[in-house]
Amino acid sequence: MAKKALKYVIIGDGHAGNSAAETLRRGSPDADIAIISAKPTHYFDHSMLASFLLDKKDITSLYLYPYTWYKEHTIRLRLNQTVIRVDPGKHELMLAHNERMHYDRLLVASGAKPKLPESLSRYKGLLTMFTDAVDAMKLRERLGKLKHVTMVGGDCIGLHLAGSMLKLGKSITCILNEYSFWPLEYDTSVKDKLIEGLKKKHIEVLADDITTEIVKEGTGLTVMTKNGKIIKTDLAFLTSGMIPNIDFLDGSGIDVQTGILVDEYMHTSAQDVWAAGECATVYYPELKDYRQSTGEVNAKMLGNISARNMLDEKKAVSLAEPGKITIGGEDFITYGWKGFSIDV
Amino acid sequence: MGGKGSPLTYEKSLTIEICGSSGDRALAAGEILIKTLSDIGYHVISFDAYPAEIRGFGKTVAHMRAGREFMLSLSRKVDILISLSDRYAIEQLRNLNDEGVVLFDNRPNNVVYEDLPHDADQTEAHRLGPGVYTEKEGWKTPTKDDVSIAGHLGPGMYLYGIPLYQLSQKTTNESRSRNIVVLGAVAALFNVPEKEFINNLTAKLGKKDKSIESIIAAFEEGRRYVIENIVKLDPYSFEKLSVDRKSYRLMDGNKAVAQAAIDMGCKLYAGYPITPATKIMEILSDELPRHGGVVVQTEDEISAIGHVTGAGFAGVRAMTATSGPGFCLMTEFIGYNVMSENPIVVVDSQRGGPATGLPTKTEQSDLNHALFAGNGDTPRIVVAPTSAKECYQWTAEAFYLAEKYQTPVIVLMDLFLSLSVRNVSLDPIPDYKKGGNKFPTQEDMKLYLRQKITDDGVSPRALPGLENGYQAVSGLEQNEYGTPVYDELSHTRMTEKRFRKIQTALENDVPLPQRIGVSGRVKVGVISWGSTTGAVMDALDSILKQGKSVAMLKVIVINPLREKEIQAFFDDCEKVLVPELNYEGQFANWLSMHFQKKLYRYNKVAARPITHDEIEEEINRLLEE
Ligand SMILES: Cc1cc2nc3c(=O)[nH]c(=O)nc-3n(C[C@H](O)[C@H](O)[C@H](O)COP(=O)(O)OP(=O)(O)OC[C@H]3O[C@@H](n4cnc5c(N)ncnc54)[C@H](O)[C@@H]3O)c2cc1C
């Protein structure tokens, strides 16, 4: 008797989720494949968001696949639906609208969310996020009114965004803190180079300083720092790195540290559950250690490897090829993060 | 975030469905929505669906189309589907366009939905809903209630979840205001002005519902939820149009017929309830007494037409309305009124047949019956209005023609025309149409001949009570006095006279059929009748914009036919398409009895109206063939 096709459920419509879905479909033409995403938008490239601000294109211009692709590949797409619980024992998960979904094999590819440092949690409502297409859409509507923006933290996402802000003629202050340059290492040598690069781009840099208070004033904000600096700004972006988006796994029994712990085959501690992309903390045999996954390149690659393992191929991970970020003529090496330059 | 959508702000029309089970009050929400869209300047047409068996059980769908431009038909595809009951709304997804929007309750009460089992047969599972898995029992047969619509959308569709149940509870302490919460969400999502919505909410519910404030709170809560929580990505949006539609009223065909009867001075309505004509009787039983008339609910349709016949004889304008099964019972009296030259108006709102057939589904399959019912040579006038506006105009005309030509006039509607609501502005009826009787002159009264042979076939008609106006009335053939006779000459002359007056009606009172589209020679011409005409007109509108060589002829008076003009139209057309909602092509057959032209038939017995997109496809097919 022919083997029954399995039901694969993927939590996450990002690079990891889509690359896995594509691989699964290729490897198992009859499988039932569903992608769930809490977001209303389709699969897109986050690295395009900064340049999306510069033109007037429709949000759909960001989408990497036309929706017909999912039809052609018979992949069910469940957008705007949030997973609130996973029960690996029962092989089921729960969606916020009270729907229980069964799976045979589950891939968690739920990405990451902005990290809100404890010291800033009081100001959450005053900080602007720039993490998805909707944020970009909303920001674009407000651009005309902005003169000055502040990057609270200065991670790579913020720096990329700063590049577009410069092109739009906005002046920028970067308050570099311990989370700066996430996901890259922020050691002293990098720090000096980065400050140098940013200054060359006429970005005001407040190094070794931290935000202590944010106050709303009229339509703008006043940001105060530990070193006594007072910045009048129109928007303060939270750019202090990202942390895995895995709250819904609470109580699932799946082992997590920063992210979901997976072995070199991307398998989690739970039977029939894999994880990939920015939600995963991956064991690399080359490093003999775990590393938190960040960046598009990693997400795509790990999504693909997870899927191959979900299809019973024993495929271990390896480190991604290095990429490059350029800021004010200074180059920085990335691993798994598709590089960019704010100089061009 | 709610809001405006891209400025697509609809060139074309938007079709919306609100789907629920009984008790969800989907139809009430639909009524408020369509009225609001009409108030802000849109042309609207709505056609609700409810189950055949008993109203109030099972699935109900408020279906409406709204557009900036005038339109007469429904679209096959739905743009916005609002689910008040997922188990039913899932079935409606097959009509949703690939980039359509779904609104659903994302925090339902006491329900745990189940997703499709991976190994269930997909079609079966889709029909039944998904399986429920338990370790003990494995997959259990699902019930339809186990399904959420969220798992069934196509990949290009937009899903918006609103906690309808929770917001309804919060504002009204009960769950049945979910239909109002969703209207608030619609207002915010599709930019429908709040003010007009609230006016209509108050107008519809205010009188009945003491708790109108909490109802408005439910509406506001739905609106606010969308503004605060939903990111609108779909392109659909309305706006308040700067057009004056003060003279427009929302009405369905039944209301239009009833209104015409009142305005024409109808004093007796006799009928027996039958879908879809019952509402005519309901309206008239409220209204006629206020206008000095009466409504008699008879024991059956034979009695109903009998009452109307008696009133006609007595000179009182009278009408009955029925549907196919009832019309069958009336057949004998059609012949009787032809023979006795008595004016009666019979409305037949067609539904799927034969026999009891499909009581709640539309069809155009009573045409043969309307044209031929009765024994012997029984000429009669048959008119088939094509819109609510024409239901008014042609019911009025039916009274006029019946009286003027002393004959039965049959108004052929159908369920779609009867029940679909549109915003229409009615043309006033000219005064001279309000009394068509050819009264005898003093000269005539010297020796009154009820069946006098005249050039136009119409005899002077004395009403009972007129001095010396004695007359014998029966179903027997007669001479000029009305005395029964059976000789060759009398029967021949009288039969000719009865046909002659219909010919006179044709010459004097049947307007030229309206030709629309390209003049002169065309590749494809469409000739249509009844409610399908709306779909043809909408299709033509779109095709003409593409510069194609098409035209249509709208025929309202089916008997007598304007043969010369129809022939001229046929001469202009390379191909003639006849779309109709019946299997045989009854109108095409009728035309074939009169003309030589080859006709391309487009017949459907789809239990729903033909849509403009279907006609458009068919015309394009013929153009390309
Ligand atoms: C603004 C911005 C710019 C960036 N620029 C770059 C760059 O230049 N180069 C680079 O390499 N990387 C960049 N990144 C990082 C890169 O986008 C991520 O590494 C990558 O998207 C990770 O892919 P992923 O599939 O793991 O997760 P994501 O792409 O984040 O997708 C996560 C998915 O999970 C879904 N999800 C999460 N929780 C739930 C839930 N509970 N229920 C249902 N669905 C859920 C989300 O809706 C989403 O679909 C950038 C990121 C941002 C935000």
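Helices here are DSSP runs of at least four residues, numbered from the N terminus. With that settled, the model at hand is a predicted one, and the ligand in chain A is a handy place to start.

Three helices of chain A each put at least two residues into the shell around the ligand: H1 (15-27), H5 (156-167) and H7 (296-310). The shell counts 33 residues, and those that come nearest are Asp13(A), Ser37(A), Val83(A), Glu278(A) and Lys338(A). Sorted by class, the shell breaks down into 15 polar, 13 nonpolar and 5 charged residues. As for the domains, residues of the shell come from both domain 1 (7-111 + 245-322) and domain 2 (115-242) of chain A, so the ligand lies between the two.

Backbone atoms do some of the polar contacting. Lys338(A), already listed among the residues that come nearest, has a polar backbone atom 2.5 Å from an oxygen atom of the ligand. For Ala38(A), the partner of the polar backbone atom is a nitrogen atom of the ligand, at 3.0 Å. His15(A) also takes part, with a polar backbone atom 3.2 Å from a ligand oxygen. How much of the ligand's accessible area does the protein cover? On its own the ligand has 980 Å² of accessible area, and 95% of that is covered by the protein.

Next come the cavities. Rolling a probe the size of a water molecule over the atoms shows where empty space is left. The structure turns out to hold 5 cavities of 30 Å³ or more, and the largest cavity has a volume of about 80 Å³. Its lining is made of 13 residues, with Val316(B), Arg317(B), Ala318(B), Pro343(B) and Glu403(B) closest to the centre. Which elements of chain B supply at least two residues each to this lining? They are helix H10 (301-313), strand E14 (344-352) and helix H13 (388-405). H13(B) gives the largest share, 3 residues. By class, the lining of the largest cavity has 8 nonpolar residues, along with 3 charged and 2 polar ones.

A few backbone oddities round things off. In chain B, the peptide bond running from Gly353(B) to Pro354(B) is cis, with omega near 5 degrees. Pro354(B) sits in the loop that links E14 to strand E15 (358-362); strand E14 has also come up as a supplier of the lining of the largest cavity. Another cis peptide bond, with omega about 0 degrees, joins Asn559(B) and Pro560(B). Here the proline, Pro560(B), belongs to the loop between strand E22 (557-559) and helix H18 (563-572) of chain B.

Chain A has an entry of its own: His202(A), a residue other than glycine, shows a positive phi near 60 degrees. Where is His202(A) found? The loop between helix H6 (188-200) and strand E12 (204-206) of chain A is its location.

Conventions: Residues are numbered from 1 along each chain as its sequence is written. Chains are lettered from A and ligands numbered from 1 in the order in which they are written. This is a predicted model: local features need pLDDT of at least 70, side-chain atom pairs count only at pLDDT 80 or more; totals for chains, interfaces and linings use all residues. Side-chain values use heavy atoms; hydrogens and water are left out. On a 1 Å grid over the protein atoms alone, a cavity is a set of points where a 1.4 Å probe fits but cannot get out, and a pocket is an open set with protein on both sides within 12 Å along at least five of seven lines; lining residues have an atom within 4 Å of a point. Grid points are joined across faces, edges and corners, and a volume is the space filled by probe spheres set on the points. Ala, Val, Leu, Ile, Met, Phe, Trp, Tyr, Cys and Pro count as nonpolar, Asp, Glu, Lys and Arg as charged, and the others, Gly among them, as polar. A residue is near a molecule or strand if one of its heavy atoms lies within 4 Å of it. A polar contact is a pair of N or O atoms within 3.5 Å; within protein, one must be able to donate a hydrogen and the other to accept it, and residues adjacent in sequence count only if both atoms are side-chain atoms. Accessible areas come from the Shrake-Rupley method with a 1.4 Å probe; for residues, only the protein chains shown count as cover. Domain bounds come from an automatic or database domain assignment.
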